Amino acid sequence: MTPADPFLPSTDELLVHNARFADNFPDHGLHLAPRRKLAVVACMDSRMDIFQILGLDHGDAHIIRNAGGVVTDDVIRSLVVSQRLLGTQEIILIHHTNCGLQTVSEDGFKSDIERDCGIKPWWAIETFTDPHVDVRQSMSRLHSSPFITTKGHIRGFVYDVDTGRLIEVQPDDRHIG
Ligand SMILES: [Zn+2]
């Protein structure tokens, strides 16, 4: 898309899709608690359909997403609700190759925002260069968190957007207790 292309919002078209979906609603009787007792933390990247990538069905898992799939305080909040209220016991982390957060630097992006908005973000952008290192960091944050009380089944992966394959990342031994 070039800057000259007019932007056309999608919402009205998507509401037509929704009406069609609701006419043939397939998910009657699903339970509130995820069937597989699983929570997935993943990047918001539009190329990753987590249900498709993992062969999950609706009702199987909580999917928690943000830019990068980073373990932030708010992801911890969601995981605490997932584990304590809704019984999940397993966590899968998924970052990926060719992520937008690899294309900017923490300081550079923050400076750009400050220049345009007049205020410097008080939150980290969480940029990274190597997704494998970043997954390991996210696993360490989970293992170090006092609020994540079920830590026995935490695994991390990098999704290759060119092949569709998941590559497992080994955790940092220093943070597994
Ligand atoms: Zn990403």
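Two strands count as paired if DSSP finds at least two bridges between them. The exercises below apply this definition to a predicted model.

**Exercise 1.** Determine which residue of β2 is the bridge partner of C43, and in what sense β1 and β2 pair.

*Solution.* Step 1: locate the strand β1, which comprises residues 38-43. Step 2: follow the bridge from C43 into β2, where the partner is N66. Step 3: consider the pair of strands as a whole; β1 and β2 are joined in the parallel sense over 6 bridges. The definition asks for at least two bridges, so β1 and β2, with 6 bridges, count as paired.

**Exercise 2.** Establish how β1 is connected to β3, and how many residues of β1 are buried.

*Solution.* Step 1: β1 and β3 run parallel and are joined by 5 bridges. Step 2: one contact point of this pairing is V41, whose bridge partner in β3 is L93. Step 3: for burial, the criterion is 20 or more other C-beta atoms within 10 Å of the residue's own C-beta atom. Of the 6 residues of β1, 5 are buried, and the strand is thus mostly covered.

**Exercise 3.** State the order of the strands in the sheet and identify the edge strands.

*Solution.* Step 1: the sheet is open, contains 5 strands and has the order β2-β1-β3-β4-β5, with mixed pairing. Step 2: β2 (61-66) and β5 (166-169) are the edge strands, since each pairs on one side only. Step 3: from one strand to the next, the twist averages 25 degrees.

**Exercise 4.** Describe which strands helices α3 and α5 accompany, and at what angles.

*Solution.* Step 1: helix α3 (residues 73-85) packs on the sheet and touches β1, β2 and β3 (90-96). Its direction makes about 175 degrees with that of β2. Step 2: helix α5 (residues 131-144) lies across β3, β4 (154-159) and β5. The angle between α5 and β4 is about 160 degrees.

**Exercise 5.** Summarise the protein chain as a whole: its elements, its extent and its burial.

*Solution.* Step 1: the chain has 5 helices and 5 strands. Along the sequence they follow the pattern α-β-α-β-α-β-α-α-β-β. Step 2: the C-alpha trace spans about 50 × 50 × 35 Å along its principal axes. Step 3: of the 177 residues, 22% count as buried. Step 4: among contacts between residues at least 6 apart in sequence, 66% join residues at least 24 apart.

Note on methods. Residues numbered from 1 in each chain as written. Predicted model: local features only at pLDDT ≥ 70, side-chain atom pairs only at ≥ 80, totals over all residues. Helix = DSSP H or I, 4+ residues; strand = E, 2+ residues; numbered from the N terminus. Axes fitted to C-alpha atoms, helices over the stretch in contact; angles between N-to-C directions. Contact = placed C-beta atoms within 7 Å. Buried ≥ 20, exposed ≤ 12 C-beta atoms within 10 Å, placed from the backbone.
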